[in-house]
Amino acid sequence: MKDGKPIRPGSVIGILGGGQLGRMTAMAARSYGYRVQVLDPDPACPARFVVDSCISAELHDARAAAGFARGCDVVTIDVEGLSPDVLHAVSAFAPLRPSESILRMIQDRAAQKSWLQSHGFPVAPFAPAADLDTLRQALATLAMPCFVKCARGGYDGRGQYIAQGADEAEAAWQAVGERPSIVESKLRLAHELSVLIARRPSGEQRIFPIALNHHAERVLRWSVLPAPQDVVSPSLAARIDQLAGDLAATLKLEGLLAVELFLTQQGELFINELAARPHNTFHATERACSSSQFEQHVRAVCDLPLADVSLLRPAAIVNLFGDLWLPEDVGNAPLDLALALTVPTLRLHLYEKRVPRPGRKMGHLSALGETSEQALRRVLSALQLLRAERAKTQETPTT
Ligand SMILES: Nc1ncnc2c1ncn2[C@@H]1O[C@H](COP(=O)(O)OP(=O)(O)OP(=O)(O)O)[C@@H](O)[C@H]1O
Ligand SMILES: [Mg+2]
């Protein structure tokens with residue numbers, strides 16, 4: 001196993017999963033002169049277009065993963081749903097950053113919540129439910145309504161069910177695919193925030209400014225950096241930074257750790273969940289900070305000195321979902337962009353996903369502002385223009 005010294009530009013970075021996060025990490029790695037390989041089941045995955053090679057294999061194929069790792073100087077991830085066998089096989093042949101143990105803990109929501117609780121980190125009341133009986137008990141104990149979330153494999157709110165009463169246990173169990181789950185009371189949220197920390201093997205760590213995020217139907221719609229001061233006071237920011245620092249140090253993190261946070265209407269702060277990789281709520285770092293999360297990801301896993309994360313200017317992003325594409329827009333030609341692109345400071349980020357589907361993240365827009373509010377207004381107005389164009393196209397008779 002190659003370990004212990006910086007992995008220099010020119011070496012090979014392997015990424016398990018070639019989605020948009022892998023793609024943007026690969027773009028940053030290329031700019032540093034690294035070579036990049038990804039492993040992904042889809043030969044046309046978003047990273048495909050910016051990497052040296054793309055190995056097509058399932059994310060549970062340990063043999064393929066071992067072969068892949070043999071050709072890499074370091075391996076990192078863009079997805080969580082990797083089988084234990086794959087993580088183990090990779091670790092045998094290349095440094096896996098973040099480590100197998102962190103990834104195994106995080107990929108199971110029940111294990112993750114229990115780990116957080118047992119290490120004294122703030123989490124809202126929850127109960128693991130391994131089967132229908134324990135799910136029924138959990139629903140009878142926790143305050144209603146409750147989120148029931150499958151323990152493994154969910155993202156963008158998939159594999160979740162909101163139960164209004166204990167009598168919905170069976171419906172919830174079916175909705176999560178009859179799989180081990182966790183149950184949490186629905187909190188009365190004032191705001192959703194996130195924090196991103198990078199730590200390199202030598203122990204150096206850096207924390208990006210805190211993001212304010214907006215979800216609808218359990219999916220991230222927009223995010224702005226920094227969270228305005230009327231939402232995150234300097235003392236709350238200090239508390240959140242302390243939390244991130246403690247998490248990274250306790251985990252001996254090598255790479256990135258995003259921490260999704262809930263701020264309740266009663267002023268309590270809870271950790272929703274962790275992600276040990278770049279995160280959708282920090283895409284704005286590309287515009288707002290002196291380094292992007294992707295550049296920092298590369299530096300952290302290669303054990304290079306971490307980049308400065310100072311805020312240069314507020315920036316916001318808004319996600320673009322497949323709903324904005326027309327059925328015939330297969331490939332990359334999306335929407336009528338002309339008007340949206342006239343919004344000051346606007347930038348388009350497309351992931352080159354071949355098949356637009358409603359709810360699928362196809363790209364995002366970013367914009368800068370004198371204030372966070374202005375940056376947010378800009379991306380939202382650009383989105384409005386795209387939507388208006390889309391509605392006009394739908395109205396146009398095709399004959
Ligand atoms: N206990 C809760 N109380 C209130 N809202 C919640 C709760 N759990 C989840 N949500 C809402 O649903 C969103 C998605 O939840 P969660 O992060 O658990 O799902 P996910 O599938 O992992 O999503 P993602 O992939 O976007 O992180 C949260 O950001 C929040 O808006
Ligand atoms: Mg989440």
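In this predicted model, the cover over the buried residues of helix H11 includes strand S12 (219–225), strand S15 (315–321) and strand S17. The residues of H11 that are buried are Ser372, Ala375, Leu376, Arg378, Val379, Ala382, Leu383, Leu386, Glu389 and Arg390. An α-helix has 3.6 residues a turn, so residues three or four places apart point the same way. The length of H11 can be checked as well: its 24 residues (372–395) should span 34 Å at 1.5 Å a residue, and the end C-alpha atoms are 35 Å apart, which agrees.

Helix H1 (residues 20–31) passes the same kind of check, with an expected span of 16 Å for twelve residues and a distance of 17 Å between its end C-alpha atoms. H1 is mostly covered, nine of its twelve residues being buried. These are Gln20, Leu21, Gly22, Arg23, Met24, Thr25, Ala26, Ala28 and Ala29. Their cover includes strands S1 (12–16), S2 (35–40), S16 (347–350) and S17 (361–368), together with helix H10 (293–301). After H1 comes Gly33, which has a positive phi near 85°.

The packing of H1 against H10 can be described further. The two axes are 8 Å apart and make an angle of about 70°. Since angles of 65 to 115 degrees count as roughly perpendicular, H1 and H10 are therefore roughly perpendicular to each other. From H1, the residues Leu21, Met24, Thr25, Ala28 and Ala29 meet Phe294, Glu295, His297 and Val298 of H10. By class, this contact has six nonpolar residues, two polar and one charged.

The next site is a metal. Glu260 and Glu273 coordinate the magnesium ion (ligand 2) through OE atoms, at 2.0 to 2.1 Å. Glu260 lies in strand S13 (residues 255–264) and Glu273 in strand S14 (residues 269–275), with the two positions 13 residues apart in numbering. Both glutamates are buried.

Some backbone details remain, in loops. The peptide bond from Arg97 to Pro98 is cis, with omega near 0°, and Pro98 lies in the loop between helix H3 (84–93) and helix H4 (100–106). Met144 and Pro145 are also joined by a cis peptide bond, with omega about -10°; Pro145 is in the loop between helix H6 (132–141) and strand S6 (146–150).

Asp303, in the loop between H10 and S15, has a positive phi of about 55° although it is not a glycine. Glu352, in the loop between S16 and S17, likewise has a positive phi of about 55° without being a glycine. Asp303 has a relative accessible area of 10% and is therefore buried, whereas Glu352, at 23%, is partly exposed.

Note on methods
Residues numbered from 1 in each chain as written. Chains lettered and ligands numbered in written order. Predicted model: local features only at pLDDT ≥ 70, side-chain atom pairs only at ≥ 80, totals over all residues. Heavy atoms only, no water. Donors = N, O, S within 2.8 Å, 3.2 Å for Na, K, Ca; no water. Helix = DSSP H or I, 4+ residues; strand = E, 2+ residues; numbered from the N terminus. Buried < 20%, exposed > 50% of the residue type's maximum accessible area, 1.4 Å probe, protein only. Expected span 1.5 Å × (residues − 1). Contact = heavy atoms within 4.5 Å. Axes fitted to C-alpha atoms, helices over the stretch in contact; angles between N-to-C directions. Parallel < 35°, antiparallel > 145°, perpendicular 65-115°, else oblique. Nonpolar A, V, L, I, M, F, W, Y, C, P; charged D, E, K, R; others polar.
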